[in-house]
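Got your viewer open? Load the model, switch to a cartoon view, and let's take a walk along the chain.

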Amino acid sequence: MPTDFWDHEFFMKMAIRQARLALADGEVPAGAVIVRATDAAGRAIRPILIAQARNQVERLKDPTAHAEMIAITQASGAGGDWRLAGTVLYATKEPCPMCAGAIMLARIHTVVFGAADPQRGGAGSAFNILDNPALNHRCRPIGGVMEEECQALLREFFASCRTRGIRILRQSAQDSGERSRTNSTAGRMSIRTCNGPIRMLRLKG
């Protein structure tokens with residue numbers, strides 16, 4: 001594979017653009033692109049972009065709708081074959097175990113990612129799925145490409161989540177207080193309504 005001489009940042013920037021679209025949609029900002037590096041005979045060719053995708057879990061209500069999964073589906077459809085040998089996948093975040101498993105099944109040659117995921121990463125940070133000698137296919141992982149830019153997107157997302165969470169808690173407390181005051185007022189009105197007719201009956205008696 002001729003990827004050692006590639007400008008990995010060029011393709012990672014494409015993945016970052018996808019991640020920004022995900023961020024704008026309120027999704028975890030993850031983007032992925034797949035590039036073909038060889039022809040059917042295994043000869044090196046000029047890189048061809050065959051898939052690009054972003055995280056759409058919330059939009060599709062699908063826990064498997066990660067950027068890498070969608071990109072793999074696109075690339076398989078474009079090439080008419082589920083085997084993606086001779087391709088390189090770029091991801092802004094280290095693939096999770098689910099995506100790493102799909103990458104292995106698709107026979108992708110190389111995965112280039114930006115931000116590592118020490119808790120759930122499937123490219124070696126937490127689980128060594130991509131380059132595991134016990135599996136029938138081994139994928140070459142390359143991490144840390146434009147890492148700071150990719151991490152910045154994740155920090156922005158989680159900061160906005162915290163801000164939204166605080167706003168929701170404040171709004172909930174405010175709504176709860178308003179309901180309590182409304183219920184208290186309604187109770188007093190009910191008492192006065194009941195007392196009114198009673199006094200009237202006494203006057204008539």
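Helices here are DSSP runs of H or I with at least four residues, and strands are runs of E with at least two, both numbered from the N terminus. Counted that way, this predicted model has five helices and five strands. Colour by secondary structure and trace the chain from the N terminus: you'll pass α-β-β-α-α-β-α-β-β-α.

**Stop one: the sheet.** Select the strands. They form an open sheet of five, in the order β2-β1-β3-β4-β5, with mixed pairing. Why do β2 and β5 have one side left without a neighbour in the sheet? Click on β2 (44-54) and β5 (140-142): both stand at the edges with a single partner strand each, so one side of each stays free of a sheet neighbour. Now look along the sheet: ignoring direction, neighbouring strands are turned by 20 degrees against each other on average.

**Stop two: inside the sheet.** Pick β1 (residues 31-38) and β3. The two run antiparallel and are joined by five bridges. To find one residue pair, select A32, whose bridge partner in β3 is A91.

**Stop three: a helix.** Select residues 97-105, which is α4. Which of its residues are buried? Show C99, A100, A102, I103 and M104 as sticks: these are the buried ones. Add α3 (67-79), β3 (87-93) and β4 (110-115), which are among the parts covering them. After α4 comes R107, with a positive phi near 65 degrees.

**Last stop: the whole chain.** Show the surface. The chain exposes about 12,000 Å², and carbon and sulfur atoms supply 56% of that. Of its 205 residues, 37% are buried.

Methods: Residues are numbered from 1 along each chain as its sequence is written. This is a predicted model: local features need pLDDT of at least 70, side-chain atom pairs count only at pLDDT 80 or more; totals for chains, interfaces and linings use all residues. Side-chain values use heavy atoms; hydrogens and water are left out. Buried means under 20% relative accessible area, exposed over 50%, partly exposed in between (1.4 Å probe, protein chains only). Contact means heavy atoms within 4.5 Å. Accessible areas come from the Shrake-Rupley method with a 1.4 Å probe; for residues, only the protein chains shown count as cover. Two strands pair if DSSP finds at least two bridges between them. Axes are lines fitted to C-alpha atoms, for helices over the stretch in contact, and angles run from 0 to 180 degrees between N-to-C directions.
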